[in-house]
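Got the viewer open? Let's take a walk through this one, selecting as we go.

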Amino acid sequence: MADNKEISAKRPFKKLIVGNWKMNPEYLKDAANILGKIKKAASTKRKVDTVICPPHAFLGDLRKYATGKRLTLGGQDCYFESAGSYTGETSPLQLKSLKAKYVIIGHSERRAAGETDEIIAKKVKAGIQSGLHVILCIGEKKRDKDGLYMQDIKKQLFTNLGKISKADFDRLVIAYEPIWAIGENARRAAKPADIFEMKIFIRRVLTDKFGKISPGAPFFLYGGSADDKNARDFLEAGQADGLLVGRASRDPEVFERILKIGEELS
Ligand code: PGA
């Protein structure tokens with residue numbers, strides 16, 4: 001089991017702050033405007049890796065912003081085949097050709113649209129094999145008093161990671177995103193203690209499945225109503241290695257404050 005001592009050990013790596021813009025904004029010029037400001041903010045944060053995942057339709061035009069070391073781009077999903085007759089899909093290799101370095105897989109909004117754990121497993125493998133860093137999103141729909149939701153998390157991890165090996169962990173990021181904490185309808189974000197508990201649980205499940213794992217990999221992110229008011233708690237008391245930020249990543253001033261908190265805590 002991953003014990004607290006291991007997790008709280010001082011680690012040499014940076015914080016990873018990822019913005020998921022979902023299907024926003026409507027116009028490329030607005031996307032470019034926001035990203036230009038984020039690039040400026042990210043360029044002064046030496047201890048934070050900033051990743052923005054804009055809509056795929058804008059990736060080609062936005063890649064010029066991601067030439068610096070501190071800001072990279074990612075996709076919001078990818079298909080598990082590398083080419084072929086798959087109308088509407090984007091392959092991991094296409095994302096790579098647009099200079100994306102990351103891809104989000106298994107976001108709860110895609111799961112709600114019918115994506116199964118098995119499909120997600122294939123996408124995780126395809127993304128990693130193509131040389132992308134995969135941000136796998138997992139999370140429970142609701143919490144029960146008896147802690148049965150932990151079994152949901154375990155099942156997602158076992159199935160979603162069923163096609164990769166421990167050697168792939170340096171290309172894997174796990175984002176814990178409890179579904180009840182995501183988006184405008186969320187009643188609240190998770191509590192830092194819940195996040196820390198989940199980090200330990202996830203590492204224990206990974207150890208059961210893959211054997212002993214290193215302290216630094218996979219990275220562990222928290223997502224769900226993260227903003228500049230709660231980021232510090234998630235990173236400090238919650239011991240998240242970074243954040244997956246939805247709404248607050250489209251407001252450059254709020255997002256800059258989150259990056260600043262990441263820089264201070266690294
Ligand atoms: P939110 O979204 O920050 O707007 O809650 C997070 C996510 O869906 O990844």
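Which residue of E6 does Leu136 stand opposite? Select Leu136 and look across to strand E6: the partner there is Ile174. Keep in mind throughout that this is a predicted model.

**Stop 1: E5 and E6**

Colour residues 133–138, which make up strand E5, and then residues 172–176 for strand E6. The two run parallel, and 5 bridges join them. To see how the chain gets from E5 to E6, add residues 149–160: that is helix H7, and the path goes through it. The β-α-β crossover you've just drawn is right-handed. Now switch on a surface and check E5 itself: the strand is mostly covered, with 5 of its 6 residues buried.

**Stop 2: across to E4**

Keep E5 on screen and add residues 100–105, strand E4. E4 pairs with E5 in the parallel sense, over 4 bridges. Two facing positions are worth labelling here. Val103 stands opposite Val134 in E5, and Ile105 stands opposite Leu136 in E5. You've met Leu136 already, as the residue facing Ile174 in E6, so label Ile105, Leu136 and Ile174 together and follow them by eye from one strand to the next. 

Like E5, E4 is mostly covered: 5 of its 6 residues are buried.

**Stop 3: zoom in on Ile105**

Ile105 lies in strand E4. Is this residue buried or exposed? Its relative accessible area is 0%, so it counts as buried. For a distance check, pick the C-alpha atoms of Ile105 and Ile119: they are separated by 10.0 Å, with the two residues 14 apart along the chain.

**Stop 4: the other side of the pairing list, E3**

Select residues 71–75 to bring up strand E3. E3 and E4 run parallel and are joined by 3 bridges. The pair to label is Leu73, which stands opposite Ala100 in E4. Next, show residues 92–97, helix H4. Together, E3, H4 and E4 make a right-handed β-α-β unit.

**Stop 5: the cavity**

Hide the strands and go to residues 192–210, helix H8. How many cavities of 30 Å³ or more are there? The count comes to 1, and the largest cavity has a volume of about 50 Å³. To see what surrounds it, select Lys199, Ile202, Arg203, Leu206, Pro218 and Phe220, which line the largest cavity. H8 gives the most to this lining, with 4 residues. Colour the lining by residue class and you'll get 4 nonpolar, no polar and 2 charged.

**Stop 6: zoom out**

Show everything again. The protein has 10 helices and 8 strands, and its C-alpha trace spans about 50 × 45 × 35 Å along the principal axes. Why does the radius of gyration fit a compact globule? With 266 residues, such a globule would come out near 18 Å, and the protein has 17 Å, so the two agree. Finally, colour by accessibility: buried residues make up 52% of the 266 residues.

Conventions: Residues are numbered from 1 along each chain as its sequence is written. This is a predicted model: local features need pLDDT of at least 70, side-chain atom pairs count only at pLDDT 80 or more; totals for chains, interfaces and linings use all residues. Side-chain values use heavy atoms; hydrogens and water are left out. Buried means under 20% relative accessible area, exposed over 50%, partly exposed in between (1.4 Å probe, protein chains only). Two strands pair if DSSP finds at least two bridges between them. A crossover is right-handed if, with the strands pointing away from the viewer, the path from the first strand over the helix to the second runs clockwise. On a 1 Å grid over the protein atoms alone, a cavity is a set of points where a 1.4 Å probe fits but cannot get out, and a pocket is an open set with protein on both sides within 12 Å along at least five of seven lines; lining residues have an atom within 4 Å of a point. Grid points are joined across faces, edges and corners, and a volume is the space filled by probe spheres set on the points. Ala, Val, Leu, Ile, Met, Phe, Trp, Tyr, Cys and Pro count as nonpolar, Asp, Glu, Lys and Arg as charged, and the others, Gly among them, as polar. The radius of gyration is taken over C-alpha atoms; the globule rule is 2.2 Å times the number of residues to the power 0.38.
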